[in-house]
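Trainee: Please take a close look at the interior of this one for me. Start from a single well-packed spot and work outwards to the pieces around it.

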Amino acid sequence: MFVATEKKRVIREFRKLTKITSVRTGSRVEDIKKSFLDNLFCSIGRLSRSAGVNDLYMALALSVRDRVLKQGVHTLETYTKQDARVVAYLSAEFLPGPHLANNILNLGIMHQTQEAMASLGFNLDMLLEQEEEPGLGNGGLGRLASCYMDSLASLEIPAIGYGIRYEFGIFNQAIRDGWQVESSDKWLRYGNPWEIMRPEIVFNVPFGGHTENWIDSMGQPRVRWIPETVVRGVAYDTPILGYRVGTCNRLRLWKAEAVESFDFNAFNHGDYYRAVKDKIVSENITKVLYPNNEHFEGKELRLEQQFFFVTCSLQDMIRVHLRLKRPLDKFDTFWAVQLNDTHPAIAIPELMRLLVDEYLMDWDTAWDVTQKTFAYTNHTLLPEALEIWPVHLLGYLLPRHLEIIYEINHRFLRQVQARFPNDPSRLKRMSLIDENGERYVRMANLATVGSHHINGVSKLHSDILKSRVLSDFSEMSPRKFCNITNGVTPRRFVALSNPPLDQLLTDRIGEGWLTDLDKLRKIETFADNADFQRQWREVKNIAKCKLAMLIKQRTGVVVNPESLFDIQVKRIHEYKRQHLNVLHILTLYRQITQHPQMEIPSRTFIFGGKAAPGYFMAKLLIKLIHAVADLINNNPDVSNCLKVVFFPNYNIKNAQFVYPAADLSEQISLAGKEASGTGNMKFSLNGALTIGTLDGANVEIREEVGPDNFFLFGLTTQEAETLKDSGYKPRNFYEQNSILRDVIDFISSGALAGGDKELFRPLVDNLLESDPFLVLADYQSYIDSQRRVSTLWQDQKAWARTSILNVARMGKFSSDRSIRDYCRDVWQVQPMHVKKEAIEPCIQNRQAVG
């Protein structure tokens with residue numbers, strides 16, 4: 001009786017509170033204005049007349065966050081009440097992009113917010129531009145993780161993302177004299193209104209030391225890890241709201257802190273450095289994204305980072321699991337843990353350690369739970385690029401984990417031997433330990449053995465995984481392997497990035513396409529409609545004019561929006577083959593200067609991307625691009641029809657200007673080298689046509705949009721392998737192709753370097769002597785395909801039609817489809833509806849646990 005009465009009282013109070021706070025979380029213009037002014041005064045301590053731009057941004061962000069967190073509380077209660085199976089997405093990288101506009105869009109209050117800000121005399125776009133972007137990833141891996149977090153919430157899938165709260169994200173890129181210069185990314189300098197520190201959610205993280213054997217009360221042998229050092233991991237939560245749904249999941253990032261941040265004894269003895277040494281050393285773990293690991297200290301820190309966030313995340317899951325009074329041998333029933341590449345693979349021995357050493361579970365039960373818990377996404381095609389750790393390093397930092405890995409390996413190899421007797425070479429290949437020379441732990445092998453599913457990220461990639469990279473494992477356990485092609489969220493990369501296209505599509509086919517991308521097929525019927533083609537070209541021109549203004553602002557280069565925008569933006573790497581693009585540009589330049597009467601369609605070549613700080617050849621590629629830009633842009637005989645731009649500091653904010661403006665998308669990596677790619681999808685979804693090889697997801701994009709709507713060139717994966725196996729001699733291609741020879745010789749002459757013949761010699765020598773990514777072999781095919789591009793561009797009606805068909809047929813490449821595939825084929829997780837309106841609090845014996 002008392003419980004029922006108390007429940008009614010609490011519900012009455014809750015409803016009363018909901019009415020009081022409706023202004024704080026309401027969606028009317030007046031509600032947004034009031035909450036904005038309240039936050040500006042009460043949270044920021046400013047009046048509107050004295051507030052700076054960042055003050056205004058923070059006030060608006062906090063106002064939007066209030067509305068988001070309201071759904072976050074309801075979501076957590078719903079999951080707790082309904083015993084949800086939760087997806088835990090473990091990733092060392094997340095690139096969410098700016099949060100404010102995305103949350104306004106997902107809440108469905110974009111117009112109300114614009115009106116509220118305008119009525120107060122503020123420009124919403126100016127406030128959106130103020131937001132610092134969390135650069136918590138290097139590129140595609142982190143952006144994919146964030147697309148998936150968006151789709152998990154939008155599809156109402158119970159989920160949590162786990163990662164690292166890097167104090168400094170991926171470096172900021174500046175260009176000086178054509179060279180990349182790095183500076184630290186101080187993304188937290190003005191504070192982060194989206195994160196909530198959870199000081200009560202903190203876990204100890206041990207490192208180093210040694211292990212001791214002991215016997216438990218049941219007479220069973222046990223192992224105790226005696227660490228040398230211990231740091232603490234503190235949780236910081238960022239809400240991830242779904243699109244127009246009630247679900248608001250969490251991205252939980254971990255920050256490293258010292259167990260004791262100040263040593264008074266050392267301070268009192270005058271040793272001021274030692275007084276704060278533990279704080280400095282401990283916080284270094286999450287100081288910077290992926291330290292340069294060329295040196296031992298860099299490798300050590302990177303392994304520390306990986307173990308740090310993995311153990312915090314697993315301890316957090318176990319904390320929630322036990323608070324909800326669930327048995328640990330049913331851990332896998334309630335948690336589906338996805339390893340985003342091998343960076344979190346140390347989670348497999350760590351879960352074994354926690355279950356066996358800390359909770360005294362027997363090995364066989366613990367291993368069964370572990371294998372049923374984890375699934376592994378592989379993102380690597382190159383066997384030599386698979387992550388490995390020196391045995392001595394892993395044993396030094398994580399001695400207990402090395403013992404567990406040895407035991408896993410011993411038991412696994414017995415299974416291999418039983419299945420494939422008298423095959424010692426197979427045992428060596430499948431072992432978790434590489435015994436060739438210095439001994440290494442093979443993290444991909446560990447992830448494969450410890451997971452119930454392994455997936456590639458495109459059909460081609462998955463086929464290569466099964467036939468080459470992990471072929472022995474596929475032969476032994478074929479049912480473990482599946483394909484889930486990557487996808488991208490249309491909410492950020494169309495609705496936010498390209499509002500005119502969003503509006504045009506919605507006017508023609510209705511609003512449903514943003515959550516069901518297959519509905520884009522409806523615009524095929526307008527592909528030949530002259531009025532629709534005109535509107536299509538107008539939308540593209542708006543985007544190109546915006547990018548042209550931004551290019552002038554950032555680089556000083558004036559480009560013609562009427563020209564063909566030919567864009568290659570991605571990490572600078574030899575396998576991405578930016579130098580093949582440069583060879584084409586120089587081919588056009590040489591043809592124009594040698595044949596002044598020659599007419600070619602006007603083109604603007606736009607590059608963007610960052611080179612790893614220690615990657616000399618990639619940095620030299622950036623210098624080459626700038627040298628070519630200086631040559632062409634300053635030549636009046638050429639610059640009227642050709643322009644070259646390197647867009648600096650490419651990130652998600654800049655990408656939202658670049659993707660909508662592209663006419664041609666350069667996806668030109670050597671076939672068999674790119675696992676999937678997602679930039680190709682974002683470009684196509686915004687109406688760019690693709691010139692590309694049969695690599696990664698290009699294969700599937702071409703299948704979907706149709707061969708006639710894709711500019712194909714280059715060797716296939718099999719042809720490339722055959723050419724290499726036959727003894728590839730790149731100099732033969734150079735000698736047999738006079739146009740190619742002329743371009744290479746032009747670079748060698750020093751004409752791009754003020755007469756210095758040595759500057760670009762490493763690039764030229766690499767192409768002529770080894771050419772590991774077959775640039776010269778694919779050159780002529782690429783040039784021929786570019787001629788087809790120019791021909792089609794001259795027929796603007798045909799180009800518009802092809803562009804429309806590209807967008808219409810991109811339904812497969814939504815991250816929503818990818819997540820549905822994971823839910824069905826890997827996680828066995830069902831959506832769980834969360835009401836958007838206020839719900840009654842959970843008045844039960846167990847409370848919401850987060």
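Mentor: Contact, in what follows, means heavy atoms within 4.5 Å. Keep in mind that this is a predicted model: local features need pLDDT of at least 70 and side-chain atom pairs count only at pLDDT 80 or more, while totals for chains, interfaces and linings use all residues. Residues are numbered from 1 along each chain as its sequence is written, and side-chain values use heavy atoms, with hydrogens and water left out.

Let's start at L90. Skip its neighbours within four places in sequence, and L90 is in contact with Y162, F309, V310, M317, V337, Q338, L339, N340, P344 and A347. L90 is also one of the residues with the most contacts inside the largest nonpolar core, alongside W335 and W827. That core has 122 residues. A nonpolar core is a set of buried Ala, Val, Leu, Ile, Met, Phe, Trp, Tyr and Cys residues joined through side-chain atoms within 4.5 Å; buried means under 20% relative accessible area, exposed over 50%, and partly exposed in between (1.4 Å probe, protein chains only). Helix α11, residues 296–323, gives the most to this core, with 11 residues. A second core, separate from that one, has 83 residues, among them Y57, L520, I523 and M681. As a general point, nonpolar side chains tend to be buried together in soluble globular proteins.

Helices (H or I, at least four residues) and strands (E, at least two), by the way, are DSSP runs numbered from the N terminus.

Next up is α8, a 15-residue helix covering residues 140–154. From first C-alpha to last it reaches 21 Å, close to the expected 21 Å, where the expectation is 1.5 Å times one less than the number of residues. Of its 15 residues, 14 are buried, so α8 is largely enclosed by the rest of the structure. Just after α8, E156 takes a positive phi of about 65°.

C147 is buried too, at a relative accessible area of 1%. Its sulfur has the sulfur of C823 as its closest cysteine sulfur, but at 16 Å that is too far for a bond. C248 is also buried, at 4%, and the closest cysteine sulfur to its own is the one in C147, 17 Å away and again too far for a bond. The structure holds 0 disulfides, taking a disulfide as a pair of cysteine sulfur atoms within 2.5 Å.

Now the sheets, where two strands pair if DSSP finds at least two bridges between them. One open sheet has 6 strands in the order β19-β18-β17-β20-β21-β22, with parallel pairing. Its edge strands are β19 (642–647) and β22, each pairing on one side only. β18 (residues 603–608) runs parallel to β19, and 6 bridges join the two; I606, for instance, has V645 in β19 as its bridge partner. Helix α24 (residues 578–594) packs on this sheet, touching β17 (564–569), β18, β19 and β20 (664–667). The direction of α24 makes about 155° with that of β18, using lines fitted to C-alpha atoms (for helices, over the stretch in contact) and angles from 0 to 180 degrees between N-to-C directions.

There's also an open sheet of 3 strands, ordered β12-β14-β13, with antiparallel pairing. β12 (388–390) and β13 (433–434) stand at its edges with a single partner strand each, so one side of each is left without a neighbour in the sheet. The link from β13 to β14 (residues 440–442) is made by 2 bridges, with D434 partnered by Y440. Elsewhere, 6 bridges hold β6 (residues 210–215) antiparallel to β7 (residues 221–226), and T211 is partnered by W225. β6 and β7 form a hairpin with 5 residues between them, and G219 in the turn has a positive phi of about 80°.

Finally, some loop residues. D771 lies in the loop between α32 (761–769) and α33 (775–793) and is buried, at 2% relative accessibility. Its phi is near 45°, positive in a residue other than glycine. Q828, in the segment after α35 (815–827), has a positive phi of about 50° and is not a glycine either, but Q828 counts as partly exposed at 47%. For contrast with the interior, D708 sits in the loop between α28 (698–705) and β22 (711–712) and is exposed, with a relative accessible area of 77%.
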